Amino acid sequence: MRLYIDSAVMPDIEEALASGYVYGVTSNPTLLRRADVRAAAVPDLVRHVFALGAKEMHVQTYADDAESIVREGQELAALDSRIVVKIPATAAGFKAASQLSGMGLRVTLTAVYTVQQAILANAVGAHYIAVYLGRMRDAGLDALDVVGRMQRTLDTCATNAPASGHPVEILAASVRTPEEVEALADIRVATATMPLNILRMLPESPATGVAAATFSEDAKALR
Ligand code: G3P
């Protein structure tokens, strides 16, 4: 499973990328606003993130109409070849995604809540769909059931109706507990993004802590 940090806070990104188990970074206008990263500062953020070793960064467009989304997407993609252009899964977003994919750019459709939207993502040649696990739960949905059905549909699309030379990968977002990562892996979701506090919890196991403390004691006795 490929893991990402969902943040625009530089010290959080730095810690996550230094952990060794975080592949890349995802952001959106809400996270940028929270971190007070103005639009003009995004190119600097991108440079910094890749200098720290990120292998991929998903950066979102701001516009609402397809033409502007395409223009912004091209500008973002021009910053670095490892950027994936993130676009809300609206009608305008699908239209723009189709054009950007046609230009050979990688696209993530975000805020995807339904299987129909997953089907459209395959149709327009997107590389990822970002699905909001926690927010689905907030809305009273059985999030894992919905995401599981999306995964099965995308598997079928990849076999029977490939719209491009690559599968659409589910990028689980709005992940709020470490246990959700395990549940996502169980339904074959290959990528997930989460805040630093959840990433920090992933290596933790009380039994590992006890074992490590014992090894440490024994090692001291051997010196
Ligand atoms: O990437 C989506 C994420 O930022 C939303 O997370 O937990 O606020 O729903 P959350």
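Eleven salt bridges turn up when the whole structure is searched, and the model here is a predicted one. Three of those pairs get a closer look below, including Arg-2 with Glu-169. After that come the parallel strands β4 and β5, then strand β6, whose five residues are all buried, and finally the ligand with the residues around it, among them Tyr-132 from β6.

**Salt bridges**

- As background, side chains of opposite charge can pair when their charged atoms come close.
- Arg-2 and Glu-169 meet through their side chains, with 3.2 Å from N to O. This one spans a good stretch of chain: Arg-2 sits in strand β1 (residues 2-6) and Glu-169 in strand β7, 167 residues apart.
- Neither partner in that pair is buried, because the cut-off for buried is under 20%: Arg-2 comes in at 22% relative accessibility and counts as partly exposed, and Glu-169 at 23% is partly exposed as well.
- Arg-47 pairs with Asp-44, and their closest N and O atoms are 2.8 Å apart. Here both partners belong to helix α3 (residues 42-51), three residues apart, or about one turn of the helix.
- Arg-47 has a relative accessible area of 54%, so it is exposed. Asp-44, at 47%, falls in the partly exposed class.
- Arg-137 and Glu-180 form a salt bridge with an N to O distance of 2.2 Å. Arg-137 is in helix α7 (residues 133-138) and Glu-180 in helix α9 (residues 178-186), so this pair ties together parts 43 residues apart in sequence.
- The two ends of that bridge fall in separate accessibility classes: Arg-137 is partly exposed at 36%, while Glu-180 is buried at 8%.

**Strands β3, β4 and β5**

- Strand β4 (residues 83-88) has five of its six residues buried, so the rest of the structure largely encloses it.
- On one side of the pairing list, strand β3 (residues 56-60) runs parallel to β4, with four bridges between them. Val-59 has Val-85 as its bridge partner in β4.
- To get from β3 to β4, the chain passes through helix α4 (residues 66-79), and this β-α-β crossover is right-handed.
- β4 also pairs with β5, again in parallel and over four bridges. Lys-86 stands opposite Thr-108 of β5 in that pairing.
- Another right-handed β-α-β unit is made by β4, helix α5 (residues 91-102) and β5.

**Strand β6 and its partners**

- All five residues of β6 (residues 128-132) are buried, so this strand is largely enclosed by the rest of the structure.
- In a regular strand, side chains alternate between the two faces of the sheet. In β6, Tyr-128, Ala-130 and Tyr-132 point one way, Ile-129 and Val-131 point the other way, and all are buried.
- Strand β5 (residues 107-112) runs parallel to β6, joined to it by four bridges. Thr-108, the residue that stands across from Lys-86, has Tyr-128 as its bridge partner in β6.
- The connection between these two strands includes helix α6 (residues 115-123), and β5, α6 and β6 together make a right-handed β-α-β unit.
- β6 also pairs with strand β7 (residues 169-173) in the parallel sense, this time over five bridges. Tyr-128 stands opposite Glu-169 in β7, and Glu-169 is the residue whose side chain meets Arg-2 in a salt bridge.

**Ligand surroundings**

- Seven residues surround the ligand: Asp-6, Asn-28, Tyr-132, Arg-135, Ala-173, Ser-174 and Arg-176. Of these, Tyr-132 is also one of the buried residues of β6.
- Asp-6 places a polar side-chain atom 2.6 Å from an oxygen atom of the ligand.
- Arg-135 has a side-chain N or O atom 2.7 Å from a ligand oxygen atom.
- Ser-174 brings a polar side-chain atom to 2.7 Å from an oxygen atom of the ligand.
- Taken alone, the ligand exposes 310 Å², and the protein buries 81% of that.

Terms used:
Residues are numbered from 1 along each chain as its sequence is written. This is a predicted model: local features need pLDDT of at least 70, side-chain atom pairs count only at pLDDT 80 or more; totals for chains, interfaces and linings use all residues. Side-chain values use heavy atoms; hydrogens and water are left out. Buried means under 20% relative accessible area, exposed over 50%, partly exposed in between (1.4 Å probe, protein chains only). Two strands pair if DSSP finds at least two bridges between them. A crossover is right-handed if, with the strands pointing away from the viewer, the path from the first strand over the helix to the second runs clockwise. A residue is near a molecule or strand if one of its heavy atoms lies within 4 Å of it. A polar contact is a pair of N or O atoms within 3.5 Å; within protein, one must be able to donate a hydrogen and the other to accept it, and residues adjacent in sequence count only if both atoms are side-chain atoms. Accessible areas come from the Shrake-Rupley method with a 1.4 Å probe; for residues, only the protein chains shown count as cover. A salt bridge is a side-chain nitrogen of Lys or Arg within 4 Å of a carboxyl oxygen of Asp or Glu.
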